[in-house]
Amino acid sequence: MAEVKGTAVGKSQVKRFYIPGLSVSDTCPACGNTVVHDLSKDPHYIGYPTFGEEFDYGFYCPEDGYGKHCGQSWSVRMKLVVTLEMIDGN
Ligand SMILES: [Zn+2]
């Protein structure tokens, strides 16, 4: 019988780990703007992710020259959990 065993752990060797379909957002602590990162597009990849362990993910409030963004940077804690599903295992 075909099956998937174990849990994804350890450091990936992928320099730029893009995740199409996912985006993350947070409110800028300085100006209140909502900052959205599409994880399928540069530069919002996760570099050399470690599966199943918490890490700091950085946000940056881009300066647009009109006073609506402020250049603030901050980070949030995240964890990348990878699962593999067996669809037709028999
Ligand atoms: Zn801001």
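**Group meeting: a six-strand model**

With 8 C-beta neighbours inside 10 Å, Pro20 counts as exposed. I begin with this residue, and I should say at once that the structure before you is a predicted model. Pro20 belongs to the loop that connects β1, residues 10-11, with β2. Its C-alpha atom is separated by 25 Å from that of Gly6, although the two residues are 14 apart along the chain.

Let me now turn to the overall architecture. The protein has six strands and zero helices. Read from the N terminus, the order of elements is therefore simply β-β-β-β-β-β. The radius of gyration is 17 Å, whereas the globule rule gives 12 Å for 90 residues; the value is well over the rule, so the protein is more spread out than a compact globule. Along the principal axes, the C-alpha atoms fill a box of roughly 60 × 20 × 20 Å.

How much of the protein is buried? Of the 90 residues, buried ones make up 2%. As for contacts between residues at least 6 apart in sequence, 58% of them join residues at least 24 apart.

I shall next take the strand pairings, beginning with β2 and β3. Strand β2 covers residues 23-27 and strand β3 covers residues 34-38; the two run antiparallel and are joined by five bridges. Together they form a hairpin, with six residues between the strands. Within that turn, Gly32 has a positive phi of about 85°.

Asp26 is a useful residue from which to view this hairpin. It lies in strand β2, and across from Asp26, in β3, stands Val35. Is Asp26 buried, partly exposed or exposed? There are 16 other C-beta atoms within 10 Å of Asp26, and it is therefore partly exposed. Once neighbours within four places in sequence are set aside, the contacts of Asp26 are Val35, Phe59 and Val76. Val35 is thus a residue that Asp26 both stands opposite and contacts. By way of contrast in position, Lys15 is eleven residues from Asp26 in sequence, and the C-alpha atoms of the pair are 24 Å apart in space.

As a general reminder for this part of the discussion, side chains in a regular strand alternate between the two faces of the sheet.

After β3 the chain enters the loop that leads to β4, residues 50-51. Two backbone features in this loop deserve your attention. The first concerns Pro43, which lies in the loop: the peptide bond from Asp42 to Pro43 is cis, with omega near -5°. The second concerns Tyr48, which lies in the loop between β3 and β4 as well. Tyr48 is not a glycine, and yet it has a positive phi of about 45°. With 13 C-beta neighbours inside 10 Å, Tyr48 counts as partly exposed.

I come now to the pairing of β5 with β6. These strands run antiparallel, and seven bridges join them. In this pairing, Tyr60 stands opposite Ser73 of β6. How many of the seven residues of β6 are buried? The number is zero, so β6 lies largely in the open.

The loop between β5, residues 54-60, and β6, residues 73-79, contains Gly71. Gly71 has 12 C-beta neighbours inside 10 Å and therefore counts as exposed; the cut-off for that class is 12 or fewer. Apart from neighbours within four places in sequence, Gly71 is in contact with Cys61 and Glu63. Lys11 is 60 residues from Gly71 in sequence, and their C-alpha atoms are 31 Å apart in space.

Finally, I would draw your attention to the segment after β6, where Met86 is placed. With 10 C-beta neighbours inside 10 Å, Met86 counts as exposed. Which residues does Met86 touch, not counting those up to four places away in sequence? They are Ala2, Glu3 and Val4. Pro62, by comparison, is 24 residues from Met86 in sequence, and the C-alpha to C-alpha distance between them is 42 Å.

To summarise, this predicted model has six strands and zero helices. Among its pairings are the antiparallel strands β2 and β3, with five bridges, and the antiparallel strands β5 and β6, with seven. The protein is more spread out than a compact globule, and buried residues make up 2% of its 90 residues.

Methods
Residues are numbered from 1 along each chain as its sequence is written. This is a predicted model: local features need pLDDT of at least 70, side-chain atom pairs count only at pLDDT 80 or more; totals for chains, interfaces and linings use all residues. Helices (H or I, at least four residues) and strands (E, at least two) are DSSP runs, numbered from the N terminus. The radius of gyration is taken over C-alpha atoms; the globule rule is 2.2 Å times the number of residues to the power 0.38. A residue is buried if 20 or more other C-beta atoms lie within 10 Å of its own, exposed if 12 or fewer, and partly exposed in between; C-beta atoms are placed from the backbone. Two residues are in contact if their C-beta atoms, placed from the backbone, lie within 7 Å. Two strands pair if DSSP finds at least two bridges between them.
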